[in-house]
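Work through the exercises below with the sequence and the structure at hand. Each task is followed by a solution that goes step by step.

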Amino acid sequence: MTPLWIMVAGPVSAPDEPSRRANLARLAREALAVQAKGQLPIVAPCLAEPLRAADRAAGAQARYQQLCRSLAERCDAIYQYAASPGADTERAEFEARGR
C-alpha cells in the first residue's frame, strides 16, 4: 500500500530562537509518530527552511508561507497537533478542499 502524504502542522514561530528550536523539535517528534504508523510525514517548515534562510529580498516571509501552503496542497491529509496561525491556516485550507 502506498503511504499517505500527511502534513504535520503545529507551532514553529516563537519569540526567541531557543523556543523556535523547541517547536521544531516537537514537530520532528510528531512527524516520527506519523512515520511509525507507515505514512509519509511532510514537515513543510523543514523543507522550506533552506530557502527561507537564503532569501534576503523583501517579502521573504510571505514566499516562505506560500511555499509551505503549496506543499500542503500535495498532501493527502493533515495532522495538526497544536494550534498556531500557520497551522490553523493550513488546516482551514485542507477543510476547504474537502480533505
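**Exercise 1: a residue in a helix**

Task: Find which residues Glu-30 is in contact with, leaving aside its neighbours within four places in sequence, and decide whether Glu-30 is buried or exposed.

Solution: Leaving aside the neighbours within four places in sequence, Glu-30 is in contact with Val-8, Tyr-79 and Tyr-81. This is read from a predicted model, as are the other values in these exercises. The next step is to place the residue, and Glu-30 turns out to lie in helix α1. With one of its contacts, Tyr-79, the side chain of Glu-30 makes a polar contact of 2.7 Å to the other side chain. The last step concerns accessibility: buried means under 20% relative accessible area, and Glu-30 counts as buried because its relative accessibility is 14%.

**Exercise 2: the sheet and the helix across it**

Task: Work out the order of the strands in the open sheet, and then say which strands helix α1 lies across.

Solution: The open sheet has 3 strands in the order β2-β1-β3, and the pairing is parallel. The edge strands, each of which pairs on one side only, are β2 (40–42) and β3. From one strand to the next, the twist averages 35°. Turning to a single pair, strand β1 (residues 5–9) is joined to β2 by 3 bridges, and the two run parallel; within this pairing, Met-7 has Ile-42 in β2 as its bridge partner. Helix α1 (residues 17–36) lies across β1, β2 and β3, and it runs at about 155° to β1. As for β1 itself, 4 of its 5 residues are buried, so this strand is largely enclosed by the rest of the structure.

**Exercise 3: a residue in a loop**

Task: Locate Asp-76 between its two flanking elements, and find which backbone nitrogen its side chain reaches.

Solution: Asp-76 lies in the loop that runs between α3 (60–73) and β3 (77–80). Its side chain reaches the backbone nitrogen of Trp-5 at 2.8 Å. Leaving aside neighbours within four places in sequence, Asp-76 is in contact with Leu-4, Trp-5, Phe-94 and Arg-99. A comparison of sequence and space can be made with Met-7, which is 69 residues from Asp-76 in sequence, while the two are 7.8 Å apart in space, C-alpha to C-alpha. Partly exposed covers the range between under 20% and over 50%, and Asp-76 falls into this class because its relative accessible area is 40%.

**Exercise 4: a cysteine and the largest pocket**

Task: Decide whether Cys-68 is buried or exposed, and then find how many residues line the largest pocket.

Solution: Cys-68 is found in helix α3, and at 6% relative accessibility this residue counts as buried. Apart from neighbours within four places in sequence, Cys-68 is in contact with Met-7, Ala-44, Pro-45, Ala-48 and Glu-90. Arg-97, by contrast, is 29 residues from Cys-68 in sequence and 16 Å from it in space, C-alpha to C-alpha. For the second part, the largest pocket has a volume of about 440 Å³, and its lining is made up of 21 residues, among which Ser-13, Tyr-64, Gln-65, Gly-86 and Ala-87 lie nearest its centre. The elements that give two or more residues to this lining are β1, α1, α2 (44–54), α3 and α4 (85–96).

Technical notes: Residues are numbered from 1 along each chain as its sequence is written. This is a predicted model: local features need pLDDT of at least 70, side-chain atom pairs count only at pLDDT 80 or more; totals for chains, interfaces and linings use all residues. Side-chain values use heavy atoms; hydrogens and water are left out. Buried means under 20% relative accessible area, exposed over 50%, partly exposed in between (1.4 Å probe, protein chains only). Contact means heavy atoms within 4.5 Å. A polar contact is a pair of N or O atoms within 3.5 Å; within protein, one must be able to donate a hydrogen and the other to accept it, and residues adjacent in sequence count only if both atoms are side-chain atoms. Two strands pair if DSSP finds at least two bridges between them. Axes are lines fitted to C-alpha atoms, for helices over the stretch in contact, and angles run from 0 to 180 degrees between N-to-C directions. On a 1 Å grid over the protein atoms alone, a cavity is a set of points where a 1.4 Å probe fits but cannot get out, and a pocket is an open set with protein on both sides within 12 Å along at least five of seven lines; lining residues have an atom within 4 Å of a point. Grid points are joined across faces, edges and corners, and a volume is the space filled by probe spheres set on the points.
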